[in-house]
Amino acid sequence: MKKIQIALLPIFILSLAGCGELSAIEYNNEIAQTLDSNSSLIKETITAYDSSIPEIVTEQTELDTVAMESALEKATEESEKIPSLLSLTSKSLEQETVVEEELAIYISASGKCLTVYSQMLNYYKSGDYKTDLESVSKYDTEIYENYNALIESNNKLADILEQYAE
């Protein structure tokens with residue numbers, strides 16, 4: 001009896017190997033769903049920033065950072081799911097390779113967005129802007145540059161996924 005079990009084990013393992021592969025459409029859907037959620041939450045950080053920080057900041061400006069903190073917390077939590085997308089496998093090795101290359105860029109851009117946003121938030125929460133007004137424009141520029149890089153990568157991923165939607 002043990003000989004039969006041992007003989008069947010390689011067949012069972014080989015049958016499981018294909019179970020993790022997703023069709024092109026399933027793979028696309030998994031990637032797109034997570035990216036849409038992440039991009040939406042990062043956009044919320046920008047919206048919170050735009051509504052919380054006036055165009056002109058002075059030493060006397062009083063700021064409420066609660067909305068920015070909440071948006072950052074949600075976006076950070078969601079962005080932690082992105083690297084798990086790299087473990088997905090597609091039946092199309094070409095699709096998987098192309099997506100993973102751009103996904104690495106997206107992960108980096110997402111991380112930079114949230115890192116700069118967190119630094120900016122600490123800058124305002126601590127009141128450092130009252131003694132260092134020059135950093136107001138520095139953070140403003142960095143936030144939008146990083147967000148635009150994320151959107152660019154997101155759009156490239158959307159274009160890549162569209163190629164495999166058929």
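**Entry 1: the core**

Which residues of the largest nonpolar core touch the most other members? I looked this up before anything else, keeping in mind that the model is predicted. The core has 40 residues, and Ile-31 and Tyr-124 touch the most other members. I then checked which helices feed this core, and α2, α3, α4 and α5 each supply at least two residues. Helix α4 gives the most, with twelve residues. I noted a general point beside this: in soluble globular proteins, nonpolar side chains tend to be buried together.

I followed Ile-31 further. Leaving aside its neighbours within four places in sequence, I found Ile-31 in contact with Leu-85, Leu-88, Val-99, Leu-103 and Leu-161.

**Entry 2: the whole chain**

I stepped back to the overall layout. The protein chain has five helices and two strands. Read from the N terminus, I get the order α-β-α-α-β-α-α. The chain has 166 residues, of which 36% count as buried. I also looked up the exposed surface, which comes to about 10100 Å², with carbon and sulfur atoms supplying 55% of it.

Next I looked at how far apart in sequence the contacting residues are. Among contacts with a separation of 6 or more, 81% are between residues 24 or more positions apart.

**Entry 3: one residue in α2**

I picked Thr-45, which lies in helix α2. Is Thr-45 buried or exposed? Its relative accessible area is 2%, so I wrote it down as buried. I set aside the neighbours within four places in sequence and listed what Thr-45 is in contact with: Ala-71, Leu-72, Ala-75 and Tyr-117.

**Entry 4: helix α5**

I checked the length of α5 against expectation. Its 30 residues, at 1.5 Å a residue, should span 44 Å. The C-alpha atoms at its ends are 45 Å apart, which agrees.

I then listed its buried residues, among them Val-136, Tyr-139, Ile-143, Tyr-147, Leu-150, Leu-157, Ile-160 and Leu-161. The list is not made of nonpolar names alone, as Ser-135, Asn-146, Ser-153 and Asn-154 are also buried in α5. What covers the buried residues of α5? I found that the cover includes α2 and α4.

**Entry 5: aromatic rings**

I counted the ring pairs next, and the structure holds five aromatic pairs. One of them is Tyr-123 with Tyr-129, at 6.5 Å centre to centre and 65° between the planes, which is edge-to-face. I looked up the burial of both partners: Tyr-123 counts as buried at 5% relative accessibility, and Tyr-129 is buried at 2%.

Tyr-123 turned up again with Tyr-139. The centres of these two rings are 5.1 Å apart and their planes are at 45°, so I noted the pair as tilted. This pair links distant parts of the chain, with Tyr-123 in helix α4 and Tyr-139 in helix α5, 16 residues apart. Tyr-139 is buried too, with a relative accessible area of 10%.

I drew the ring pairs as a small network: they link Tyr-123, Tyr-124, Tyr-129 and Tyr-139 into a cluster. Tyr-124 was already in my notes, since Ile-31 and Tyr-124 touch the most other members of the largest nonpolar core.

**Entry 6: salt bridges**

How many salt bridges does the structure hold? I found four, and I took notes on some of them.

Glu-62 forms one with Lys-130, and the closest N and O atoms are 3.3 Å apart. The pair links distant parts of the chain: Glu-62 is in the loop between α2 and α3, Lys-130 is in the loop between α4 and α5, and they are 68 residues apart. Glu-62 counts as exposed at 63% relative accessibility, whereas Lys-130 is partly exposed at 32%.

Glu-69 pairs with Lys-125, with the closest N and O atoms 3.2 Å apart. Glu-69 lies in helix α3 and Lys-125 in helix α4, so this bridge ties together parts that are 56 residues apart in sequence. I noted both as partly exposed, Glu-69 at 29% and Lys-125 at 47%.

Glu-152 and Lys-156 meet in a salt bridge of 3.5 Å, N to O. Both are in helix α5, and because they are four residues apart, about one helical turn separates them. Glu-152 is partly exposed at 47%, and Lys-156 is partly exposed at 41%.

Definitions and conventions
Residues are numbered from 1 along each chain as its sequence is written. This is a predicted model: local features need pLDDT of at least 70, side-chain atom pairs count only at pLDDT 80 or more; totals for chains, interfaces and linings use all residues. Side-chain values use heavy atoms; hydrogens and water are left out. A salt bridge is a side-chain nitrogen of Lys or Arg within 4 Å of a carboxyl oxygen of Asp or Glu. Buried means under 20% relative accessible area, exposed over 50%, partly exposed in between (1.4 Å probe, protein chains only). Contact means heavy atoms within 4.5 Å. Accessible areas come from the Shrake-Rupley method with a 1.4 Å probe; for residues, only the protein chains shown count as cover. The expected span of a helix is 1.5 Å times one less than its number of residues. A nonpolar core is a set of buried Ala, Val, Leu, Ile, Met, Phe, Trp, Tyr and Cys residues joined through side-chain atoms within 4.5 Å. Rings of Phe, Tyr and Trp (its six-membered ring) pair if their centres lie within 6.5 Å; planes under 30 degrees apart count as stacked, over 60 as edge-to-face and the rest as tilted.
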